[in-house]
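Q: I'd like a close look at one small part of this model, explained for somebody in first year. Please start with one residue and then work outwards.

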Amino acid sequence: ENTAAGRMFLEQKGRQGEEEGAEAEEDGDDMQEMMGLPPSPGQGGRVTEQQKSDAVKVAKSVAAQVRSSDPDLASKAQTSHENPRFLNSFYKASRLHFIGTWKTRYQQIIDTLPPAPPLPPAKERLILHVDMDCFFCSVSCLGRKELEGMPVAVTWGDSTNKVSNAEISSANYKARESGLKAGMWMEQARALCPDLITLPYEFDKYSEAAERMYRELFAIT
């Protein structure tokens, strides 16, 4: 009986090991799929250097498509002399202008909401701090599966253009692992992280995501 029980125990552990191995391989395949790569049979879910390089190329092609969709990025430097609407275009593309007009957009959201309920008694009051970390970068990566797991930064500069230099506005955690941070210039960022993926500002997306966040918070506060 002890021998039979021991055999059953070993068989059960063997099946468990096979299942865990299969799960680990599936996790590896999921990672490769997340990077836009096909599973690698016989590699136990590992991603090769060539596959990483291919994934970076795919991610940079996505960033190039985003940049090409913005006509202002394709135009040469202008002044109000060449373009009477230059100031409008300038403010439309200005990060500081976007941040500076935040209060106006916020008030427009507030104006569409019903009156707030009275505050609860002080002993029941909770104060919630919500930190939308690397907000620009996080929003820009939404819906772009090819960018998952990649070092990404938001800037008007182009990491694939060696003469392009601009200030980094937002960098995700993967990029921060290489030492990138907001306020750093592209030249230094490119040296620290050669595989850096750079995306231009997408202010309409930021406004839409921020409004959704505010409305969700107002609905429970």
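Where is the place of glutamate 202?

A: Glutamate 202 sits in the loop between β3 (197–199) and α10. Before we zoom in, a bit of housekeeping. What you're looking at is a predicted model, so local features need pLDDT of at least 70 and side-chain atom pairs count only at pLDDT 80 or more, while totals for chains, interfaces and linings use all residues. Residues are numbered from 1 along each chain as its sequence is written, and side-chain values use heavy atoms, with hydrogens and water left out.

The labels α and β need a word too: helices (H or I, at least four residues) and strands (E, at least two) are DSSP runs, numbered from the N terminus. In this protein chain they come to 10 helices and 3 strands. Walk along the sequence and the pattern reads α-α-α-α-α-α-α-β-β-α-α-β-α.

Back to glutamate 202. Its relative accessible area is 13%, so it counts as buried; the cut-offs are under 20% for buried, over 50% for exposed, and partly exposed in between, using a 1.4 Å probe and protein chains only. For the whole picture, buried residues make up 30% of the 221 residues in the protein chain.

Who does glutamate 202 talk to? One partner is lysine 205: the two form a salt bridge, with the closest N and O atoms 3.7 Å apart. "Salt bridge" here means a side-chain nitrogen of Lys or Arg within 4 Å of a carboxyl oxygen of Asp or Glu. By this rule there are 8 salt bridges. The general idea is simple: side chains of opposite charge can pair when their charged atoms come close. Lysine 205 is partly exposed, at 32% relative accessibility.

Another partner is arginine 144, whose side chain makes a polar contact with the side chain of glutamate 202 at 2.9 Å. A polar contact is a pair of N or O atoms within 3.5 Å; within protein, one must be able to donate a hydrogen and the other to accept it, and residues adjacent in sequence count only if both atoms are side-chain atoms.

Now step from the loop into α10. This helix covers residues 203–220, which is 18 residues, and it reaches 26 Å from its first C-alpha to its last. That's close to the 26 Å expected at 1.5 Å a residue; the expected span is 1.5 Å times one less than the number of residues.

Which residues of α10 are buried? They are Phe203, Tyr206, Ala209, Ala210, Met213 and Tyr214. Look down the axis of α10 and these buried residues fall within an arc of 135 degrees, so they line one face of the helix. The arc is that of the directions from the helix axis to the C-beta atoms. It helps to know that an α-helix has 3.6 residues a turn, so residues three or four places apart point the same way. Flip to the face of α10 turned away from the buried side, and you'll find the exposed residues Asp204, Glu208, Glu216 and Ala219.

Glu208 has company. Its side chain meets that of arginine 212 in a salt bridge of 3.4 Å, N to O. These two are 4 residues apart in helix α10, so about one helical turn separates them. Glutamate 208 is exposed, because its relative accessible area is 51%, whereas arginine 212 is partly exposed at 45%.

There's another pair to spot in this helix: glutamate 211 forms a salt bridge with arginine 215, and the closest N and O atoms are 3.0 Å apart. Glutamate 211 is partly exposed, with 32% relative accessibility, and arginine 215 is partly exposed at 32%. Both residues lie in helix α10, 4 residues apart, about one turn of the helix. Salt bridges can also link up, and that brings us back to where we began: those that share partners join Arg144, Glu202 and Lys205 into one network.

So here's a way to retrace the route on your screen. Find glutamate 202 in its loop between β3 and α10, hop to lysine 205 through the 3.7 Å salt bridge, and then follow α10 along its buried residues, from Phe203 to Tyr214. Finally, turn the helix round and look for Asp204, Glu208, Glu216 and Ala219 on the face away from the buried side.
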